[in-house]
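Welcome, and thanks for opening the viewer. Keep your selection tool handy, and let us walk through the model one stop at a time.

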Amino acid sequence: MQTVLYPYRGNLYVNLTNRCPCRCTFCLRQTKDEMDGSGSLWLEHEPTVDEVRAELDKYDLSAYGELVFCGFGEPTERLDAIVEITKYVKSVSDIPVRVNTNGLSDLINGRDTAADFAGVDAVSISLNTPEPEEYLRLTRSRFGPGSFEAMLSFAGRVKDYVPRVTLSTVGTTITSDEEGRCAEICRKLGVTYRIRPFE
Ligand code: SF4
């Protein structure tokens with residue numbers, strides 16, 4: 001039995017795919033198979049929308065703070081499934097829906113995908129660094145140069161459809177000067193900057 005949904009820190013997480021265009025040097029998948037007793041997050045097959053719905057029906061969604069698309073892969077590799085599942089969740093519950101993403105949805109799907117996120121309550125994007133070259137060194141994005149700019153462009157457009165858009169870096173991984181530059185990038189984009197704790 002594979003792990004499609006897993007509770008984590010008061011939220012319910014959706015593990016849709018193991019695909020990702022990046023190979024981040026810090027990716028937890030390199031050192032872990034699961035998150036806090038979730039069971040292995042390596043999928044035998046990508047769950048269909050119907051399979052995810054059936055799993056969701058086993059949970060009392062009102063017991064969780066958020067439903068979060070975030071597993072052992074990049075959720076926007078399955079953007080259509082995110083859209084369908086979000087519609088379903090909103091039809092049965094008022095739980096807020098968040099997508100945790102590397103922000104490369106447009107490159108992954110080969111088009112402007114910002115409008116697809118209408119209905120989602122929050123999008124959290126990994127900014128990692130204020131430097132495009134350093135971003136590429138850290139993420140090893142298969143899209144190569146231009147990935148950083150594509151991620152920022154997506155962030156600036158998706159905020160027209162999603163109430164809460166956050167770009168984050170991890171505390172202690174960059175200097176305070178770099179954090180200041182990240183804050184300035186976010187200010188110009190009109191999105192929130194968050195320094196999240198090192199895990
Ligand atoms: S984007 Fe996320 S899932 Fe993909 S390699 Fe980086 S940390 Fe891992």
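Begin by selecting T139, which you will find in helix 4. This is a predicted model, so please read each stop as a description of a prediction. Is T139 buried or exposed? T139 has a relative accessible area of 1%, and because the cut-off for buried is under 20%, T139 counts as buried. Now add I174 to your selection. T139 and I174 are 35 residues apart in sequence, and their C-alpha atoms are 15 Å apart in space.

Stay in helix 4 and click on L138, which lies in that helix too. L138 is buried, with a relative accessible area of 14%.

Now widen the view to the helix itself. Which residues of helix 4 are buried? Select Y135, L138 and T139: these are the buried residues of helix 4. They cover an arc of only 85° around the axis, which puts them on the same side of helix 4. An α-helix has 3.6 residues a turn, so residues three or four places apart point the same way. Turn to the other side of helix 4 and you will meet E133 and R137, which are exposed.

From L138, move to N128. The two are 10 residues apart along the chain, and 8.0 Å separates their C-alpha atoms. N128 belongs to the loop between strand 5 (122-126) and helix 4 (132-139). If your viewer shows backbone angles, look at phi here: for N128 the angle is near 70°, a positive value in a residue other than glycine. With 9% relative accessibility, N128 counts as buried.

For another positive phi, select D36. Its phi is about 45°, although D36 is not a glycine. Where is D36 found? Look in the loop between strand 2 (11-14) and helix 1 (49-56). While N128 is buried, D36 is exposed, with a relative accessible area of 58%.

Next, select residues 176-189 to bring up helix 6. Helix 6 has 14 residues. From its first C-alpha to its last, helix 6 reaches 20 Å, close to the 20 Å expected at 1.5 Å a residue. Colour E178, E179, C182, I185, C186 and L189, the buried residues of helix 6. Look down the axis of helix 6: these buried residues fall within an arc of 115°, so they line one face of the helix. Now rotate the view to the face turned away from that buried side, where the exposed residues S176, D177, R187 and K188 sit.

Pause at S176, in helix 6. S176 has a relative accessible area of 63% and is exposed. Draw a distance from S176 to D160: between their C-alpha atoms there are 29 Å in space, and along the sequence the two are 16 residues apart.

Then jump to S105, whose place is in helix 3 (residues 105-109). S105 is buried, with a relative accessible area of 0%. Add T25 and check the separation: S105 and T25 are 80 residues apart in sequence, and the C-alpha to C-alpha distance is 20 Å.

The last stop is the ligand. Where does the ligand sit? Centre your view on the largest pocket, and there you will find the ligand. Which residues surround the ligand? Select C20, C22, R23, C24, F26, C27, R29 and N102 to show them. Colour this shell by residue type, and you will count 5 nonpolar, 1 polar and 2 charged residues around the ligand.

How values were computed:
Residues are numbered from 1 along each chain as its sequence is written. This is a predicted model: local features need pLDDT of at least 70, side-chain atom pairs count only at pLDDT 80 or more; totals for chains, interfaces and linings use all residues. Side-chain values use heavy atoms; hydrogens and water are left out. A residue is near a molecule or strand if one of its heavy atoms lies within 4 Å of it. On a 1 Å grid over the protein atoms alone, a cavity is a set of points where a 1.4 Å probe fits but cannot get out, and a pocket is an open set with protein on both sides within 12 Å along at least five of seven lines; lining residues have an atom within 4 Å of a point. A molecule sits in a cavity or pocket if more than half of its atoms lie within 2 Å of its grid points. Ala, Val, Leu, Ile, Met, Phe, Trp, Tyr, Cys and Pro count as nonpolar, Asp, Glu, Lys and Arg as charged, and the others, Gly among them, as polar. Helices (H or I, at least four residues) and strands (E, at least two) are DSSP runs, numbered from the N terminus. The expected span of a helix is 1.5 Å times one less than its number of residues. Buried means under 20% relative accessible area, exposed over 50%, partly exposed in between (1.4 Å probe, protein chains only). The arc is that of the directions from the helix axis to the C-beta atoms.
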